[in-house]
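Here's a walk through one chain, with a few spots worth pulling up in your viewer. Keep the structure open as you read.

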Amino acid sequence: MTTPMELLEFDYTNPIKCIYHRPIGKKYVVPHWHEAIEICYVAKGNPGTMFIEDQEYQLNEGDVYVINSRLIHSFDTVITPGQRIITILINYDWLRHSLPQTVRQKNFELIKAPKKDSQLTAFNELIALIKNINDFQCHDTSEDSHLHQLAMSVELISVLVRNFTVDKEIKSDIPEVISQIIAEFHNDYQNDIQLSDMAKRYNYSYAYFSKFFKRYLGMSPKKYLTFLRVQKAAELIEKTDDKFTQIVAETGFPDEKSFYAAFKERYHQTPLEYRKHLQTIS
């Protein structure tokens with residue numbers, strides 16, 4: 001498999017990274033994959049839809065989803081004060097070094113809720129740990145708190161391993177070449193990507209390349225690339241004060257007109273309206 005498309009950075013002292021997603025409204029994440037184990041906990045409301053491989057899930061309050069390493073997944077959500085998601089990412093390198101036998105032989109299995117009544121206590125413990133890790137991360141940065149966070153992180157992994165693992169049978173139904181194409185998009189989206197040339201490199205006609213890609217990801221490669229660029233542009237609008245002309249240049253759009261049209265199609269508002277909305281919740 002090619003180098004992972006999304007390279008996640010972890011604190012070297014802590015195997016877990018916690019993200020409490022800001023209530024920014026529309027949040028779309030294109031299909032992607034990474035080495036880390038991802039836990040999605042729906043803390044409030046019904047924020048939208050998640051896709052894991054070819055499966056679609058409606059996110060409801062209290063749901064917990066564990067996404068195994070290298071599975072393609074995506075999100076189509078609206079994050080508001082009443083609709084919140086907490087993401088926990090577990091460092092796969094830490095797992096591989098600390099629990100090599102588990103990594104070789106097991107996969108995690110938890111979608112929405114426990115399959116067995118005997119798992120319910122562990123499920124509630126898992127949710128409590130997710131909430132506590134998020135609370136400590138958000139409100140306390142002392143060394144004592146850091147030690148407590150580390151202890152909770154290891155305990156969370158322990159709860160998962162002891163209660164929510166199965167023999168390693170989970171296999172991706174998506175061909176390896178799709179993962180390679182996705183990785184290429186994420187590595188080069190800032191540049192002028194000629195899809196017809198990409199199809200030739202994979203020994204496909206453009207018509208077959210487009211049909212093949214759409215069969216597994218539900219959209220054409222052209223639309224995927226456009227949505228990826230919109231996603232990256234939205235992240236820049238959220239995190240920087242860059243001018244839109246600079247954002248256009250940094251995200252691979254050919255011109256401002258195409259950027260504005262694509263952004264409005266995805267977010268149902270202009271980039272300026274989106275920036276003003278973000279400023280009201282800062």
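**Odd angles and buried charges**

Lys112 sits in strand E10, which covers residues 111-112. Its backbone is a bit unusual: phi of Lys112 is near 75 degrees, a positive value in a residue other than glycine. As for solvent, Lys112 has 27% relative accessibility, so it counts as partly exposed, given that buried means under 20% and exposed over 50%.

Before going further, keep in mind that this is a predicted model. The chain has a mean pLDDT of 90, with 93% of its residues at 70 or more. Residues 1-5 are another story, with pLDDT below 50. In the model, that stretch still has 18 contacts beyond near neighbours in sequence.

Back to positive phi values. Glu53 isn't a glycine either, yet its phi is about 55 degrees. You'll find Glu53 in the loop that links strand E4 (48-52) to strand E5 (55-59). Its relative accessibility is 15%, and because the cut-off for buried is under 20%, Glu53 counts as buried.

Now for Glu38, which belongs to strand E3 (residues 37-44). Glu38 is buried but has no salt bridge. So where's the nearest side chain of opposite charge? That's Lys27, 10 Å away, and a salt bridge has to be within 4 Å. What Glu38 does have is a polar contact, side chain to side chain, with His73 at 2.9 Å. Leaving aside residues up to four places away in sequence, Glu38 touches Tyr65, Val66, Ile67, His73, Phe75, Thr87, Ile88 and Leu89.

Next, jump along to helix H8, residues 221-239. Here's a quick sanity check on its geometry: at 1.5 Å a residue, the 19 residues should span 27 Å, and the end C-alpha atoms are 27 Å apart, so the two agree. Among the buried residues of H8 are Tyr224, Leu225, Phe227, Leu228, Val230 and Ile237, and the list also includes Arg229, Gln231 and Lys232.

Arg229 deserves a closer look. This residue of helix H8 is buried and has no salt bridge. Its nearest side chain of opposite charge, Asp192, is 5.7 Å away. Instead, the side chain of Arg229 reaches a backbone oxygen, the one on Thr251, at 3.3 Å. Beyond residues up to four places away in sequence, Arg229 touches Tyr189, Asn191, Ile193, Thr251, Gly252 and Phe253.

Key:
Residues are numbered from 1 along each chain as its sequence is written. This is a predicted model: local features need pLDDT of at least 70, side-chain atom pairs count only at pLDDT 80 or more; totals for chains, interfaces and linings use all residues. Side-chain values use heavy atoms; hydrogens and water are left out. Helices (H or I, at least four residues) and strands (E, at least two) are DSSP runs, numbered from the N terminus. Buried means under 20% relative accessible area, exposed over 50%, partly exposed in between (1.4 Å probe, protein chains only). Lys and Arg count as positive and Asp and Glu as negative; His and the chain ends are not counted. A polar contact is a pair of N or O atoms within 3.5 Å; within protein, one must be able to donate a hydrogen and the other to accept it, and residues adjacent in sequence count only if both atoms are side-chain atoms. Contact means heavy atoms within 4.5 Å. The expected span of a helix is 1.5 Å times one less than its number of residues. pLDDT is the predictor's confidence in each residue, from 0 to 100.
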